[in-house]
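Trainee: I've just opened this model and could use a guided tour. Let's start with one lysine.

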Amino acid sequence: MYEMLQIYWWIVVSLLGGLLVFMMFVQGGQTLLECVTKNELEKDMIINSVGKKWELTFTTLVMFGGACFAAFPLFYATSFGGAYWVWLAILFCFIIQAVAYEYRKKPDNFLGQKTYEVFLFINGSLGVVLIGVAVSTFFSGSEFLLNEHNFVEWKSPFRGLEALANPLNYLLGIALFFQARVGGNLYLINNIDDSELRAKFRASLKKNAMFFVPFLVAFLLWIVLKDGYHVGDGGVVEMLKHKYLLNLLQMPLVFLMLLCGVVLALFGIYKGAFTASIKGIFPYGVGVVLVVMSVFLVVGLNDTAFYPSFYDLQSSLTIKNASSSLYTLKVMAFVSLLVPFVLAYIVYVWRLMDKRKLSADEVENDEHIY
């Protein structure tokens with residue numbers, strides 16, 4: 001029962017991680033301002049289009065962190081309490097995003113409109129890359145020690161920023177950056193009713209997909225070819241050759257999920273880039289969620305340490321030694337039954353907000369634009 005609940009909550013965390021990565025199309029859209037616009041009106045159209053969804057991205061990030069805290073508190077305490085500089089940097093990137101949407105068009109703001117647009121670009125670039133680098137440490141490992149009281153002792157003075165020194169961690173960070181831009185283009189194609197802008201988004205989609213796909217493939221090749229952190233008999237953590245590849249082969253449903261996700265994501269890109277369809281965002285979004293979920297499941301299930309320590313292997317965290325008590329997981333499992341209703345509400349609100357596509361006239365006549 002206890003083990004099943006631990007697996008269940010890791011699946012929930014994986015799903016939230018997938019939804020968060022998909023929702024990063026907001027961040028991706030923010031980085032397109034200087035690439036595809038020729039005047040202030042087009043810039044306002046992009047910002048108001050993604051601006052309707054930025055709070056959903058932030059909410060998903062909070063839900064992801066909350067699920068980690070409730071279900072796997074030792075991971076939350078170790079990562080957020082030890083590698084706090086990288087998480088503070090990520091949080092800062094999201095704070096300035098909120099500030100930018102609030103004050104960009106306010107009259108007489110002393111920083112100026114351009115400054116807030118730079119804030120949006122920082123959130124969509126640095127914030128996204130840092131999240132990718134932080135998640136990459138699930139595979140590359142971190143430099144920490146858990147003492148006999150389970151208190152974390154971070155062995156690097158950089159407190160998480162040392163992950164930036166590992167070039168392989170950037171594979172996922174850069175892949176997420178271009179993934180967000182691909183998603184941003186697909187979303188804007190769907191949401192903005194302007195033929196000229198849609199043509200620009202399709203051209204931008206092709207360019208960003210040319211970078212996203214190779215970096216995603218490189219990241220997947222890295223994890224399936226590298227040695228992984230295997231939990232053996234008695235909970236002893238040891239290095240195992242091609243651990244993550246073995247996980248995929250030994251969990252065929254996860255392998256199928258990964259393949260389906262890649263195919264759906266590529267299909268969504270194809271629809272957006274090479275057809276007149278405006279609905280490429282939907283198969284692409286499902287594909288992204290499936291790919292991210294499969295990556296989380298590969299690193300957390302099948303006797304694998306999902307937050308490894310290369311300083312001390314036995315300090316590595318697994319879903320067994322990092323989880324909450326049986327009682328806590330059981331109570332939260334009942335609460336989680338409300339999640340489908342929350343997701344249904346989000347879908348309903350999304351459809352309601354996007355029932356009428358954003359147009360130039362709407363932005364020009366709207367006094368409450370971002």
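Trainee: Which backbone oxygen lies 2.8 Å from a polar atom of the Lys243 side chain?

Mentor: The backbone oxygen of Asn302. A polar contact here is a pair of N or O atoms within 3.5 Å; within protein, one must be able to donate a hydrogen and the other to accept it, and residues adjacent in sequence count only if both atoms are side-chain atoms. Keep in mind that this is a predicted model: local features need pLDDT of at least 70, side-chain atom pairs count only at pLDDT 80 or more, and totals for chains, interfaces and linings use all residues. Residues are numbered from 1 along each chain as its sequence is written, and side-chain values use heavy atoms, leaving out hydrogens and water.

Trainee: Good to know. Is Lys243 buried or exposed?

Mentor: Lys243 is buried, meaning under 20% relative accessible area (exposed is over 50%, partly exposed in between, with a 1.4 Å probe and protein chains only). Despite that, Lys243 has no salt bridge, which would need a side-chain nitrogen of Lys or Arg within 4 Å of a carboxyl oxygen of Asp or Glu.

Trainee: What is the nearest side chain of opposite charge, then?

Mentor: Asp303, at 6.0 Å. For charge, Lys and Arg count as positive and Asp and Glu as negative, while His and the chain ends are not counted.

Trainee: Where does Lys243 sit, and what does the residue touch?

Mentor: Lys243 is in helix α11, residues 243-250. Helices (H or I, at least four residues) and strands (E, at least two) are DSSP runs numbered from the N terminus. Setting aside residues up to four places away in sequence, Lys243 touches Lys226, Gly228, Tyr229, His230, Asn302, Asp303 and Thr304, where contact means heavy atoms within 4.5 Å.

Trainee: On to salt bridges. How many are there in the whole structure?

Mentor: A full search gives 13 salt bridges. One of them joins Lys105 and Glu40, at 3.4 Å from N to O. That pair links distant parts of the chain: Lys105 is in the loop between α7 and α8, Glu40 is in helix α4 (residues 40-51), and they are 65 residues apart. Lys105 is partly exposed at 30% relative accessible area, and Glu40 is partly exposed too, at 33%.

Trainee: What about Glu153, which residue does that side chain meet?

Mentor: Lys155, with N and O 3.3 Å apart. Glu153 is partly exposed at 31%. There is also a network: salt bridges with shared partners join Glu34, Glu40, Lys43, Asp44, Arg104, Lys105, Lys114 and Glu117.

Trainee: New topic: helix α6. Which of its residues are buried?

Mentor: In α6 (residues 73-82), those are Leu74, Phe75, Thr78, Ser79 and Gly82. They lie on the same side of the helix because they cover an arc of only 115 degrees around the axis, the arc being that of the directions from the helix axis to the C-beta atoms. These buried residues pack against α5 (54-71), α7 (84-103), α8 (113-140), β1 (144-146) and β2 (152-154).

Trainee: And the aromatics, how many pairs does the count come to?

Mentor: The count is 32 aromatic pairs. Rings of Phe, Tyr and Trp (its six-membered ring) pair if their centres lie within 6.5 Å; planes under 30 degrees apart are stacked, over 60 edge-to-face, and the rest tilted. Tyr76 and Phe80 are stacked, with centres 4.4 Å apart and 20 degrees between the planes. Being four residues apart in α6, Tyr76 and Phe80 are separated by about one helical turn. Tyr76 is partly exposed at 29%, and Phe80 is partly exposed at 23%.

Trainee: Why does the pair of Phe138 and Phe306 count as edge-to-face?

Mentor: Because the planes of Phe138 and Phe306 are at 70 degrees, with the ring centres 6.2 Å apart. Phe138 is in helix α8 and Phe306 in the loop between α13 (281-300) and α14 (326-335), 168 residues apart. Phe138 is buried at 6%, and Phe306 is buried at 0%.

Trainee: Which residues form one aromatic cluster?

Mentor: Trp10, Phe64, Phe72, Phe75, Phe138, Phe144, Trp154, Phe296, Phe306 and Tyr307.

Trainee: Last one: where does Ser142 lie?

Mentor: Ser142 is in the loop between α8 and β1, and it is buried at 5%. Beyond its neighbours within four places in sequence, Ser142 has contacts that include Trp154, Tyr307 and Pro308.
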